[in-house]
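Please read the following note with the sequence and the structure at hand. The points are meant to be taken in order.

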Amino acid sequence: MDLDNAYLHVFYATLQEREVGARWWMDDESLGYSNLMLIKRGAARMVRNGEEIVAHERDLIFYDNGDRRFSENLTDEKIEIYGINFDYCFPDKAGVYKPTDEKLNLPFRTHIDTKESFNLLCERFDEAIKYAEVKSAKNCFIASNILRDMLKLIVKVAGKTRYKYSDIIRVDKVKEYIGINWNCDISLDEMADVAGVSAAFFSSMFKTQTGKTPVEYLSEVRMGKAVQFLQSGKSVAETAKLLGHSDAAYFSRVFKKIYGCSPKAYKM
């Protein structure tokens with residue numbers, strides 16, 4: 001399962017709230033889509049394919065397409081639940097995206113064990129709701145990337161990674177920012193501001209998780225865009241300009257450092 005290559009489509013995102021004594025439930029049915037929930041407050045009885053749990057605050061709950069699902073709140077508590085409904089598919093060997101039997105295979109419940117990580121995750125759900133509400137190609141792209149980051153978080157938590165969950169979320173948020181603003185002049189301080197930490201701490205945290213410095217990662221993203229431009233027929237000078245490089249020679253040096261050949265040789 002490669003989440004980086006998965007096509008994700010968010011078609012609904014919400015925060016549902018019920019007061020003490022007010023019932024919230026989801027019918028016992030087989031889903032035709034996938035669903036990710038976060039318990040913000042309260043508790044709920046959740047059933048997936050016969051497996052029953054009581055989910056509490058800080059629990060992420062995942063239902064996959066085709067799962068049989070039933071959920072209801074415990075009515076002696078106020079409950080708030082974030083939810084995202086989405087579809088996904090993976091590319092076949094020819095690179096074509098179409099429905100397959102490949103599944104995400106994520107755990108039913110993932111507990112986020114620190115308040116800091118939980119608060120950051122709530123912020124990500126709030127952002128997903130904002131972007132999913134107003135339909136546009138850009139907003140769909142952003143909402144899908146937010147979801148991708150949260151699904152990758154589940155994979156890392158399930159794998160008992162040594163990283164702090166809050167650090168994972170911060171790094172993923174910066175990656176998303178770079179993915180949107182790759183053609184802008186992004187400084188290390190700006191990336192650290194997005195992560196909400198000092199520049200020195202951010203650099204160390206980023207390299208620990210990715211094996212690259214933030215600047216190296218930014219260069220790789222830009223050079224990936226450069227490959228797309230060169231393949232589409234753009235000249236070396238045009239490609240350098242699109243990437244924000246006024247000096248085509250400098251662009252060529254960075255490209256060669258990453259790909260082992262000059263952009264001119266790459267086009268041949």
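1. A term is needed at the outset: a residue is called buried when its relative accessible area is under 20%, exposed when that area is over 50%, and partly exposed in between. The model discussed here is a predicted one. Under this definition E52, with a relative accessible area of 47%, is partly exposed because its value lies between the two cut-offs.

2. What is the partner of E52 in a salt bridge? The partner is R45, and the closest N and O atoms of the pair are 2.8 Å apart. A salt bridge requires a side-chain nitrogen of Lys or Arg within 4 Å of a carboxyl oxygen of Asp or Glu, so the pair of R45 and E52 qualifies. R45 has a relative accessible area of 25% and is therefore partly exposed. By the salt-bridge rule, the count for the model comes to 14.

3. A second salt bridge joins E57 to K115, with 3.3 Å between the closest N and O atoms. Which parts of the chain does this pair tie together? E57 lies in the loop between β5 (51-56) and β6 (59-63), whereas K115 belongs to helix α1 (residues 115-133), so the salt bridge ties together parts that are 58 residues apart in sequence. E57 is partly exposed, at 28% relative accessibility. K115 is partly exposed as well, with a relative accessible area of 41%.

4. A third salt bridge, between E127 and R124, lies within helix α1. The closest N and O atoms of this pair are 2.6 Å apart. E127 and R124 are 3 residues apart in the helix, so about one helical turn separates them. Are these two residues buried or exposed? E127 is buried, with a relative accessible area of 19%, and R124 is buried at 3% relative accessibility.

5. The pair in point 4 does not stand alone: E123, R124, E127, D149, K173 and E176 are linked in a network of salt bridges. The student may wish to locate these six names in the structure before going on.

6. How many disulfides does a search of the whole structure find? The search finds 0. For C89, which is in no disulfide, the nearest cysteine sulfur is that of C140, 14 Å away. A disulfide needs two cysteine sulfur atoms within 2.5 Å, so C89 and C140 do not form one. C140 likewise is in no disulfide, and the sulfur of C89 is the nearest cysteine sulfur to it. C89 is buried, with a relative accessible area of 12%, while C140 is partly exposed at 28% relative accessibility.

7. S71 is found in strand β7 (residues 68-73). At 0% relative accessibility, S71 counts as buried. What surrounds this residue? Leaving aside residues up to four places away in sequence, S71 touches W24, W25, M26, M37, R45, M46 and Y63. R45, one of these contacts, is also the salt-bridge partner of E52 in point 2. With Y63, S71 shares a side-chain polar contact of 3.1 Å.

8. The last residue to consider is K241, placed in helix α7 (residues 236-242). K241 is exposed, with a relative accessible area of 69%. How far apart are K241 and N183 in sequence and in space? They are 58 residues apart in sequence, and their C-alpha atoms are 9.6 Å apart in space.

Key: Residues are numbered from 1 along each chain as its sequence is written. This is a predicted model: local features need pLDDT of at least 70, side-chain atom pairs count only at pLDDT 80 or more; totals for chains, interfaces and linings use all residues. Side-chain values use heavy atoms; hydrogens and water are left out. Buried means under 20% relative accessible area, exposed over 50%, partly exposed in between (1.4 Å probe, protein chains only). Helices (H or I, at least four residues) and strands (E, at least two) are DSSP runs, numbered from the N terminus. A polar contact is a pair of N or O atoms within 3.5 Å; within protein, one must be able to donate a hydrogen and the other to accept it, and residues adjacent in sequence count only if both atoms are side-chain atoms. Contact means heavy atoms within 4.5 Å.
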